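Here is a friendly walk through one protein model, with its ligands and a few residues picked out along the way. Have the 3D view open as you read.

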Amino acid sequence: MKTPTLLALTLLLTVACTRPNQPTRLQGEAQGTYYNIAYFDPQHRNLRPQIDSLLHSFDTVASLWVENSLIRQVNRQEQPQLNSTFTDLLDKSLAIEQYTQGAFNCKIGALVNLYGFGFKNRDDVTDTQIDSLLHILQQGQCHYQDSSTKDRLILSEGIELDFNAIAQGYAVDLLADMFDQKGIHNYLIDVGGEVTAKGCKPDGSSWTVGIERPAEDKYSQQEIETAIQLNNRSVVTSGSYRKYYEQDGVRYSHTIDPATGRPVNHSLLSVSVVSRKAWYADALATAFMVMGLDKSLQFIKLHPENPDIQAVFFIYDDHQGSYKTYATPEFNILIK
Ligand code: AMP
Ligand code: MG
């Protein structure tokens, strides 16, 4: 019985000895944003080609910026054959829609387009246009032609899918799976501010992740409001303070309330959610932005059984030219 234990010990020591002191750091572009990845690989591999190829192939499925991506084909009613990444994104999105009582809705694409990227068309949008798209969203169909094969989608004319509120988080999870499969157990992955951390640094310390302070405007320098320790968890922030527009002194976020078809405009500036999976934190952060502070806190209280929505940090406007923060007790434990 002793031999296997000794062998395991020897193996562990060998791995510890070859573990590099400095992480490999890679930066690049994906999904219209950046990625920043640090990892400790005993084999010192450069994983940039694999990372870029994974992100690229994910974009060919879920990106609205890629002309011929699967989601764009679906939205053009071309009825393409779906693949498992697409159906997984859709199934997860529909499940979160149900869980959040419609606050999260991946069928919001036509409304997002109506307002235009960065809400640039907002002044031309009429109530009639909003109400007609809202009607289609609420009454239209979105289901598989055959629920056992899930290879084609029936989508009502006028409905467009938008996975942007979940895709970055999902991509972070795909990268994390790739690192796990390659036997790399200490890494920090950041795709456009959606972060997942696993393991620790060679000195045993945890990864630290900063939560951004609300900016004066979208051009201000990034500053850190608070920092948390993250181990085998993801943190995703959804917020209006970089992607927003201002009208009569009120900031409107890029998040649309599927119940009204209009941008949300309550006092919430940002929500950061800590979950085991980045896709989940991403989806819930968006849903909380729709619900606003009070409803989100009620929702969290109503679901004590769900560990993935307990550590949440809110930044909200105090209506006096400044902002306030609220951290749930579970989030406070993580603050460094
Ligand atoms: P996020 O930054 O993760 O909150 O994602 C915001 C993006 O998701 C927006 O730019 C839209 O493309 C899309 N979106 C807006 N409102 C919603 C909503 N209520 N549910 C799902 N996706 C949304
Ligand atoms: Mg999101």
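What follows covers the two ligand sites, then the cysteines, and finally some loop residues.

**Ligand 1**

Please keep in mind that this is a predicted model. Ligand 1 has 17 residues around it, and N105, D162, S238, I256 and T286 come nearest. By class, this shell is made up of 8 nonpolar, 6 polar and 3 charged residues.

Two of the polar contacts involve the protein backbone. A nitrogen atom of ligand 1 lies 2.9 Å from a backbone N or O atom of N105, and a backbone N or O atom of I256 lies 2.8 Å from a nitrogen atom of the ligand. A side chain takes part as well: an N or O atom in the side chain of D282 is 3.0 Å from an oxygen atom of ligand 1. On its own, ligand 1 would expose 510 Å², and the protein buries 93% of that area.

Which elements give two or more residues to the shell around ligand 1? They are α7 (164-181) and α8 (278-302). Helix α8 provides the largest share, with 3 residues.

**The magnesium ion**

Ligand 2 is a magnesium ion, coordinated at 2.0 to 2.4 Å by A165 (O), D282 (O), D282 (OD) and T286 (OG1). Along the chain, these donors follow the spacing A-x116-D-x3-T. D282 and T286 are 4 residues apart in helix α8, so about one helical turn separates them.

Is D282 buried or exposed? Its relative accessibility is 3%, so D282 counts as buried. T286 also counts as buried, at 12% relative accessibility. Both residues have appeared above in connection with ligand 1: D282 through its side-chain contact, and T286 as one of the residues that come nearest.

**Cysteines**

How many disulfides does a search of the whole structure find? The search finds 0. C106 and C142 make a good pair to look at here. For the sulfur of C106, the closest cysteine sulfur is the one in C142, at 6.1 Å, which is too far for a bond because a disulfide needs the two sulfur atoms within 2.5 Å. Seen from the other side, the closest cysteine sulfur to that of C142 is in C106. C106 is buried, with a relative accessible area of 1%, and C142 counts as buried at 17%.

**Loop residues**

Three loop residues are set out in the table.

| Residue | Loop between | Relative accessible area | Class |
|---|---|---|---|
| Q77 | α3 (70-75) and α4 (84-99) | 25% | partly exposed |
| G158 | β4 (153-155) and α7 | 31% | partly exposed |
| H319 | β15 (311-317) and β16 (323-327) | 65% | exposed |

Q77 has a positive phi of about 60° although it is not a glycine. H319, not a glycine either, has a positive phi of about 60°. G158 can be found in the 3D view by way of R76: the two are 82 residues apart in sequence, and their C-alpha atoms are 9.7 Å apart in space.

**To take with you**

If you look at one residue again, try D282. The side chain of D282 has an N or O atom 3.0 Å from an oxygen atom of ligand 1, and D282 also supplies donors to the magnesium ion.

Methods: Residues numbered from 1 in each chain as written. Chains lettered and ligands numbered in written order. Predicted model: local features only at pLDDT ≥ 70, side-chain atom pairs only at ≥ 80, totals over all residues. Heavy atoms only, no water. Near = heavy atom within 4 Å. Polar contact = N/O pair within 3.5 Å; in protein donor to acceptor, adjacent residues only side chain to side chain. Areas by Shrake-Rupley, 256 points an atom, 1.4 Å probe, with all protein chains shown as cover. Nonpolar A, V, L, I, M, F, W, Y, C, P; charged D, E, K, R; others polar. Donors = N, O, S within 2.8 Å, 3.2 Å for Na, K, Ca; no water. Buried < 20%, exposed > 50% of the residue type's maximum accessible area, 1.4 Å probe, protein only.
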